[in-house]
Amino acid sequence: MSQSQETGAEQAILRLDNVNVSFPVYHGGSRSLKKVILSRSSAGRIARDANDRITIDALRDVSFSLDRGDRLALIGANGAGKTTLLRVMAGIYEPFAGTVHIRGRISPMFDNGLGIDSDLSGYDNIRMRGLLLGLSSREIERLLPLIVDFTELGDYLDMPVRTYSSGMILRLTFAVATCYEPEILLMDEWILAGDAHFMIKARERIDSFVQKASVLVLASHNLELCRRWCNKGLWMDRGSIKAFGAVEDVIAAYQSVA
């Protein structure tokens with residue numbers, strides 16, 4: 001297995017050893033497609049696999065480790081590999097080489113649509129999304145009143161989600177994603193949700209959520225936000241690590257060539 005997981009917030013640790021991820025480009029024989037791929041210099045390296053298919057090396061030999069209390073900012077241009085790296089840590093993508101070692105529950109907050117079935121009610125979607133986030137049925141039922149209260153959706157929770165506005169869906173998914181104390185928190189950009197009233201609640205909830213996490217990994221283009229929340233930085237470029245260390249040092253290196 002390329003990913004191992006142990007439970008226990010007291011020793012929450014995340015470590016990657018020489019992780020590599022590639023995606024095949026189907027119909028890659030097209031010259032026009034090759035030109036498009038090659039023109040996107042920020043994307044991963046172009047290669048070929050054993051079956052002579054064109055592939056994108058999204059991550060190449062990525063290695064680092066995080067201990068309890070670490071707050072890591074992932075920075076880099078679009079297509080640098082930040083989101084792919086988050087998805088590897090979350091177990092969504094499996095590397096074809098290298099290993100991911102996890103001790104503690106992973107709490108991903110970068111896909112608000114995960115686990116939403118528009119034909120089911122709000123209550124059913126809360127339960128289903130909670131299971132996908134790794135909560136037990138008992139935990140979900142214990143947290144359900146708090147989630148319901150935070151959404152402020154009232155009777156709408158008995159109705160199919162297809163009747164919801166996008167803002168209502170965001171309220172529901174946000175409430176579930178932030179209903180429990182995280183161990184290893186993975187975030188892609190910062191979450192700001194809904195109308196002005198709900199935005200205030202969301203900001204307060206996120207602040208508390210991040211402070212409770214044993215480990216935070218935040219991918220963001222907002223460097224001030226990275227400075228505020230993170231003590232370490234990792235600069236990604238075309239699927240490889242360009243710099244890793246103190247957040248101010250990594251940001252300075254990134255800005256010197258940006």
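User: What makes the meeting of the Arg171 and Glu152 side chains a polar contact?

Analyst: The value is 3.2 Å, side chain to side chain. A polar contact is a pair of N or O atoms within 3.5 Å; within protein, one must be able to donate a hydrogen and the other to accept it, and residues adjacent in sequence count only if both atoms are side-chain atoms. The 3.2 Å of this pair falls within 3.5 Å, so the pair qualifies. This is a predicted model: local features need pLDDT of at least 70, side-chain atom pairs count only at pLDDT 80 or more, and totals for chains, interfaces and linings use all residues. Residues are numbered from 1 along each chain as its sequence is written, and side-chain values use heavy atoms, leaving out hydrogens and water.

User: Why is Arg171 called buried?

Analyst: Its relative accessible area is 10%. Buried means under 20%, exposed over 50%, and partly exposed in between (1.4 Å probe, protein chains only). At 10%, Arg171 is therefore buried. Arg171 belongs to helix 5.

User: How do you know that helix 5 and helix 6 are roughly parallel?

Analyst: Helix 5 covers residues 166–177 and helix 6 residues 196–212. Both are DSSP runs, numbered from the N terminus (helices: H or I, at least four residues; strands: E, at least two). Their axes cross at roughly 20 degrees and come within 11 Å. Axes are lines fitted to C-alpha atoms, for helices over the stretch in contact, with angles from 0 to 180 degrees between N-to-C directions. Under 35 degrees counts as roughly parallel, over 145 as roughly antiparallel, 65 to 115 as roughly perpendicular, and the rest as oblique. The pair is therefore roughly parallel.

User: Which residues of helix 5 and helix 6 meet?

Analyst: Helix 5 brings Arg171, Phe174, Ala175 and Ala177; helix 6 brings Phe198, Ala202, Arg205, Ile206 and Phe209. Contact means heavy atoms within 4.5 Å. The classes are seven nonpolar, no polar and two charged residues. Here Ala, Val, Leu, Ile, Met, Phe, Trp, Tyr, Cys and Pro count as nonpolar, Asp, Glu, Lys and Arg as charged, and the others, Gly among them, as polar.

User: Why are helix 3 and helix 5 called oblique?

Analyst: Helix 3 (residues 122–132) packs on helix 5 at about 40 degrees, with the axes 10 Å apart. That angle is not under 35 degrees, nor in 65 to 115, nor over 145, so the pair is oblique. Gly122, Asn125, Ile126, Arg129 and Gly130 in helix 3 touch Leu172, Thr173, Val176 and Ala177 in helix 5. This contact has four nonpolar, four polar and one charged residues.

User: What makes helix 2 mostly covered?

Analyst: Six of its eight residues, in the run 82–89, are buried. They are Lys82, Thr84, Leu85, Leu86, Val88 and Met89. Gly91 follows helix 2 with a positive phi near 85 degrees.

User: Asn18 is not a glycine; what is the sign of its phi?

Analyst: Positive, at about 50 degrees. Most residues other than glycine have a negative phi. Asn18 sits in strand 2 (residues 13–24). Asp61, in strand 4 (residues 54–66), also has a positive phi, near 50 degrees.

User: Is Asp61 buried or exposed?

Analyst: Exposed: its relative accessible area is 52%. Asn18, at 46%, is partly exposed.
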